[in-house]
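Colleague: Got a minute to go through this one with me? I'd like to hear how you read the contacts.

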Number of protein chains: 2
Amino acid sequence: MKDIQPDWPAGLKKTKQRECVLAVLEHARKPLSAMEIYSEIKRDGTSVWLSTVYRILELLVKRGMAVKIAVMNSETALYELNRFQHKHYAVCMNCHKIIQMDNCPMEKFLPKFQDDDFQVIGHNLEIYGFCKDCAH
Amino acid sequence: MKDIQPDWPAGLKKTKQRECVLAVLEHARKPLSAMEIYSEIKRDGTSVWLSTVYRILELLVKRGMAVKIAVMNSETALYELNRFQHKHYAVCMNCHKIIQMDNCPMEKFLPKFQDDDFQVIGHNLEIYGFCKDCAH
DNA sequence: TTCATTTTGAAAACCCTTTTCAGCATAGAA
DNA sequence: TTCTATGCTGAAAAGGGTTTTCAAAATGAA
């Protein structure tokens, strides 16, 4: 699990726990919760504490190496490696699967506001509905 | 505060606490948190418990009379009366003010998904940036 | 008014996340 | 390599919003 980091980011102390969190994120095929990352690491036999996972995730987000995703109406945050792509997700209302969207409606859109001006920095968009397995 | 409900919704027992929550929501000029609703009611001299406010809000949402808004990266949910309009909000990154948007980018947009099909039911969109008071 | 049923008060539990602080590990200096 | 300052983790507890519990109180139908 620790064989894929080519070079360690400068200024970060290299610890077993940080290597593991990064490795899990690199192997992840979908955004993961702190608990999922924690379980994955423990399953591999490494000892970590949940609070440490949270600390490491916070650090990675602060350094721009990871992205925190807040799925609406879900109380747990998800994390993934920052691959520097603008993206949005669709969430299945039945199985809660998360599916990546490949386009963005905000590209060609000028928002109008009730109040006067608003300097737009970014946006979050989430589609909800039913995935192909749960559509009936 | 209890002077504006023309007729009480059928099947709902009329209690002081429910009247108050509805009254606060009717007077609100922006989405409110459970705590804000609770404070407002107590400020008017009525005795309520926070858990009761939560219970009432849950009931109103379940009945479609209120809408729950989950502002991303904020851990408190907001509630407002369901006025049956499709809308989105912009959130100021500095003062956290919430400003209503008057248009929606999803109106003329067909999402493309990484996985195959996804049956779209709805969407959440949130713009973030700086309001006119906080833009510098 | 009486009674069955809901609703609330009051407190505690929940769940995810953050904080605390002492002990330990790490990286850089010697 | 060894030493040392600094940063990181373990372990536990606290935090903050929200939900649950259960007995007591209030509601509305008869």
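Colleague: Which DNA strand C atom does the backbone of W49(B) approach, and at what distance?

Modeller: Bear in mind that this is a predicted model. S47(B) puts a polar backbone atom 3.3 Å from a phosphate oxygen of DNA strand C. W49(B) also uses a backbone N or O atom, and its target is a phosphate oxygen of DNA strand C, at 3.3 Å.

Colleague: And what about the bases: how far is a polar side-chain atom of R55(B) from a base nitrogen of DNA strand C?

Modeller: Of the strand C atoms within 4 Å of the protein, 67% are sugar or phosphate, and the rest belong to bases. R55(B) reaches a base nitrogen of DNA strand C through a polar side-chain atom, and the distance is 3.0 Å.

Colleague: Which elements each give at least two residues to the surface near DNA strand C?

Modeller: There are 20 residues around DNA strand C, and the nearest ones come from both chains: Y54(A) and R55(A), plus K13(B), R18(B) and T52(B). By class, that surface has 6 nonpolar, 7 polar and 7 charged residues. The elements with at least two residues each are α3 (50-62) of chain A, and α1 (16-27) and α3 (50-62) of chain B.

Colleague: Over to DNA strand D. Which residues come closest there?

Modeller: Sugar and phosphate make up 67% of the strand D atoms within 4 Å of the protein. The elements supplying at least two residues each are α1 (16-27) and α3 of chain A, along with α3 of chain B. Out of 20 surrounding residues, the closest are Q17(A), R18(A), T52(A), K13(B) and Y54(B).

Colleague: Which part of DNA strand D does R55(A) contact with a polar side-chain atom?

Modeller: Take the other side-chain contacts to strand D for context. T15(A) has a polar side-chain atom 2.9 Å from a phosphate oxygen, while a side-chain N or O atom of Q17(A) is 2.9 Å from a sugar or linking oxygen. For R55(A), the polar side-chain atom lies 3.0 Å from a base nitrogen.

Colleague: Now the protein-protein side. How many salt bridges cross the interface of chain B and chain A?

Modeller: The contact takes 40 residues from each of chain B and chain A, and the area buried between them is about 3900 Å², with 63% of that from carbon and sulfur atoms. In chain B, M72(B), F118(B) and N124(B) lose the most area to chain A, together 17% of what that side buries. There are 16 residue pairs in polar contact between the chains, but the salt bridge count is 0.

Colleague: Which element gives the largest share of the side of chain B that touches chain A?

Modeller: β4 (89-92), β5 (98-100) and β6 (118-131) of chain B each supply at least two residues there. With 14 residues, the largest share comes from β6(B).

Colleague: So which residue of β6(B) is the bridge partner of F130(A)?

Modeller: Strand β6 (residues 118-131) of chain A pairs with β6(B) in the antiparallel sense, over 13 bridges. The partner of F130(A) in β6(B) is Q119(B).

Colleague: Last one: in the open sheet β1-β3-β2 of chain B, which strands stand at the edges?

Modeller: The sheet has 3 strands, in antiparallel pairing. β2(B) and β3 (residues 78-81) share 4 bridges, and V67(B) stands opposite E80(B) in β3(B). Two strands have a single partner each, so one side of each is left without a neighbour in the sheet: β1 (32-33) and β2 (66-69) of chain B.

How values were computed: Residues are numbered from 1 along each chain as its sequence is written. Chains are lettered from A and ligands numbered from 1 in the order in which they are written. This is a predicted model: local features need pLDDT of at least 70, side-chain atom pairs count only at pLDDT 80 or more; totals for chains, interfaces and linings use all residues. Side-chain values use heavy atoms; hydrogens and water are left out. A residue is near a molecule or strand if one of its heavy atoms lies within 4 Å of it. A polar contact is a pair of N or O atoms within 3.5 Å; within protein, one must be able to donate a hydrogen and the other to accept it, and residues adjacent in sequence count only if both atoms are side-chain atoms. Ala, Val, Leu, Ile, Met, Phe, Trp, Tyr, Cys and Pro count as nonpolar, Asp, Glu, Lys and Arg as charged, and the others, Gly among them, as polar. Contact means heavy atoms within 4.5 Å. Buried area is the accessible area (1.4 Å probe) that two parts lose on being put together, summed over both. A salt bridge is a side-chain nitrogen of Lys or Arg within 4 Å of a carboxyl oxygen of Asp or Glu. Two strands pair if DSSP finds at least two bridges between them.
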